[in-house]
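Let's take a walk through this model, starting at one residue in a loop and ending with the nonpolar cores. Have the structure open as you read.

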Amino acid sequence: KATVSVLNCFNGSAQMSMRVVAAAVLAAGAGATCVPFGAACEDVAGAAAEATAFLKANAPAFDAPNAATLFGGVVVPNVNLSLTAKMELPWAADVPKDIFYNYVLPYAHVNEARSDWREYLWARVKPLVANSTYTAKTKLEVAKIINANIWDVLGRPGAPIHFKSDSTPVIYDPMSVMLFGYGSCTGVSILFADALRTVGVPVRLAGTPAWDGNVSNGNHNWVEVYLGEGAAGSTGDDGWYFIEADLAGPAEAFDNPCDKWFCHKAKFAGPGVGRTEVFAAKFEQGGATHFPMAWDLRNTDIPGVDRTAYYQRVCSAC
């Protein structure tokens, strides 16, 4: 077992810090003794403290009024299980630290309700890809299995989760989607992404706030999954590949951009007035780009990555 000291992760809340480190030590005792980041393998307690500090430093401004509850509650198991996945699951070990921090570790994607979804999903999603008789080998394999199966597994008996348009912003956080049994593109994308993050696969919410640059034409969300350079063919972008939740885009493949209903010349004709812009959400603050939320366009607190040029390049060829 790893032997670590108890660190104060929460600026005075030693009790919460002890919970973070204690759980991380239990995870280390399951086999791993440190957290792998590239060539380095970091001390478990240090990794837990650093991960918590990153989340606290980069939390959206609208989380500030509830910071004490958030960092004394939801964040604790979130950090614990994020590190546990990285130590235990073979496909998660090689995820670089910057990608892990932005696209595995965070407790939320945008402004969805904050909840302890990771603990709930860990018990239900992990057995799909790692159990006593089978363990997936790659992020691609994990992503395919989860997208094909979670809608039944996370739904009610005999009532799988289904797609229902115009559900956001009433129902789009993962716990609500599971409780009500449905979600629109945003809700099912977030649930799919949270299931992937739970088992250590980096993923981010992507989408456009306005088709053709016109809000009246509607919006759409999907996910980008970090599979690694060349993991699903040559159509990725620095290891990122895009896909919809199976409920929104059945039978789509990571290696074929053109099988997405929206990926074609008419939607992505090129620069200029009326073009469709695409963004991906990230967690780390800083930079001039934000992720525009179609249901809350005045809110600019979510950092973003402008992905428009990539989609213009791959979709204009479809």
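## A threonine in a loop, then the cores

Thr276 sits in the loop that runs between S7 and strand S8 (279-281). Keep in mind that this is a predicted model. Is Thr276 buried or exposed? With a relative accessible area of 1%, Thr276 counts as buried, because the cut-off for that is under 20%.

So what is around Thr276? Leaving out residues up to four places away in sequence, Thr276 touches Thr208, Ala210, Trp211, Asp212, Gly213, Lys267, Phe268 and Thr308. Two of these partners, Asp212 and Lys267, offer backbone atoms to polar atoms of the Thr276 side chain:

| Backbone atom | Partner | Distance |
|---|---|---|
| Asp212 nitrogen | Thr276 side-chain polar atom | 2.8 Å |
| Lys267 oxygen | Thr276 side-chain polar atom | 3.0 Å |

Now for the nonpolar cores. The largest one has 42 residues, and the members touching the most others are Trp91, Val142, Ile146, Phe192, Leu196, Val199 and Phe254. Elements giving two or more residues to this core include helix H4 (75-88), helix H6 (117-129), helix H9 (185-198) and strand S6 (220-226). H7 supplies the largest share, with 7 residues.

Val199 is a handy one to click on. Setting aside neighbours within four places in sequence, Val199 is in contact with Ala85, Leu89, Trp91, Ala92, Val125, Lys126, Val129, Val142 and Ile146. There's also a second, separate core of 28 residues, with Ala48, Ala51, Leu83 and Met87 among them. As a general matter, nonpolar side chains tend to be buried together in soluble globular proteins.

Conventions: Residues are numbered from 1 along each chain as its sequence is written. This is a predicted model: local features need pLDDT of at least 70, side-chain atom pairs count only at pLDDT 80 or more; totals for chains, interfaces and linings use all residues. Side-chain values use heavy atoms; hydrogens and water are left out. A nonpolar core is a set of buried Ala, Val, Leu, Ile, Met, Phe, Trp, Tyr and Cys residues joined through side-chain atoms within 4.5 Å. Buried means under 20% relative accessible area, exposed over 50%, partly exposed in between (1.4 Å probe, protein chains only). Helices (H or I, at least four residues) and strands (E, at least two) are DSSP runs, numbered from the N terminus. Contact means heavy atoms within 4.5 Å. A polar contact is a pair of N or O atoms within 3.5 Å; within protein, one must be able to donate a hydrogen and the other to accept it, and residues adjacent in sequence count only if both atoms are side-chain atoms.
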